[in-house]
Amino acid sequence: MGVPFLDLKQQYRSIKDEVDAGIRQVMDSCRFVLGENVRSFEKEFASFCGTEYAVGVANGTDALRLTLLACGIGKGNEVITVPNTFIATTGAISQTGAKIVFVDVNSSTYNIDVSQIEGAINERTRVILPVHLFGQPADMDPIMEVARKYNLEVIEDACQAHGAEYKGKKAGSIGDVGCFSFYPSKNLGAFGDGGMVVTNSDEIAQRVRMFRDYGQIKKYEHLVEGYNSRLDEIQAAILRVKLKKLNEWNNLRRGNTSIYDELLKDVDEVITPSKAEYAKHVYHLYVIRTKKRDKLQEWLKSKGIGTGLHYPVPLHLQKVYEYLGYKEGDFPVTEKCAKEILSLPMFPELTKAQIEKAVTGIKAFFAKRHLFVKSRTTDDELYNRGIR
Ligand SMILES: Cc1ncc(COP(=O)(O)O)c(C=O)c1O
């Protein structure tokens, strides 16, 4: 038996009765859009994050995009973010008409390098958009400081950080606005798409509500055209059940991380994830780094061990962003990460035996390489002998 990268079925089985009852209740009510479940889930999620307001939207990308629009961002404005993220972060920026401005990430947390932000600010800058990558918050205090100095908004991309904390505060609640995705693989995942905007600003919450629902301030009164980007009732009913389990699931992820860290500590060729002192990490992903990434991934695949790459091509080198004028070498830390990162299996229900199996696979790979170097045997010869 191999080790899957992610297994959502086990989680569903563990909460099936409650989830099925929630879905059934929505179907019986025939109230599918913006009803009681969305309203209640918004309250419950705001309370979980420690914010005044939460507004459910169709997905995490729209959480970011509608937030930017609600903050009045558009053509002529610049938004500072990182190239070491999923394209949804930057898509949300450029789709408002604003310009994406990249700064590199820090080599230990892989989050925005706060020392580089000030140098990227000019008179067009309106927003700093840090991403809490892999479940670890960016260093928010210096970000807030520079934002206040230049009168900028801070919008947190917390799409990978449900329940993570920065100095005791929940990710998403520290900046002006926090944006979440409920894509099924997230720490809090729906059975389809979903997203949420959290904030303490009444004005921003109201404007996001308006943008998500055709720009209506009340039925058939439209201040702007707006969009159709609503969290639906079935997803909200499922997410209400799952939110109650989120802390427990995040603890299990942390437990799995400790096992990985311990087992991998003597493997010199592997760098395990670092945890910043300020952070309560929720390990959306457990991402190691190694110079032999591609070969290791291939090897693990051959042993039935699932892995992922988050992300193999930095955004500033993507074809779609050629027009921004960046080139190779502009963001060396991001570029190094893209070549070396490897995400290992990580989900709450992952067992110790599965982690041991994945690590045994990693250790066998490096042992084999040492043998290879010593004996100068060719890769093909090793393969033919069944070692590779
Ligand atoms: C960092 C980050 N930002 C934004 C998103 C967008 O979320 P969604 O897929 O729900 O649109 C994701 C999720 O995939 C993400 O990982």
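This report describes selected features of a predicted model. Local features require a pLDDT of at least 70 and side-chain atom pairs a pLDDT of 80 or more, whereas totals for chains, interfaces and linings use all residues. Residues are numbered from 1 along each chain as its sequence is written, and side-chain values use heavy atoms, without hydrogens and water.

The elements below are DSSP runs numbered from the N terminus (helices: H or I, at least four residues; strands: E, at least two).

| Element | Residues |
|---|---|
| Helix α1 | 8-29 |
| Strand β2 | 78-81 |
| Helix α4 | 87-94 |
| Strand β3 | 99-102 |
| Helix α9 | 293-302 |

Strands β2 and β3 run parallel and are joined by four bridges; pairing requires at least two DSSP bridges. Glu78 has Lys99 in β3 as its bridge partner. With helix α4, the two strands make a right-handed β-α-β unit, the path from the first strand over the helix to the second running clockwise when the strands point away from the viewer.

In helix α9, Arg293, Leu296, Trp299 and Leu300 are buried (under 20% relative accessible area, 1.4 Å probe, protein chains only). These residues lie on the same side of α9 because they cover an arc of only 130° around the axis, taken from the directions from the helix axis to the C-beta atoms. The face turned away from this buried side carries Lys301 and Ser302, which are exposed (over 50%). Just after α9, Gly304 takes a positive phi of about 80°.

Met27, in helix α1, is partly exposed (between 20% and 50%), with a relative accessible area of 37%.
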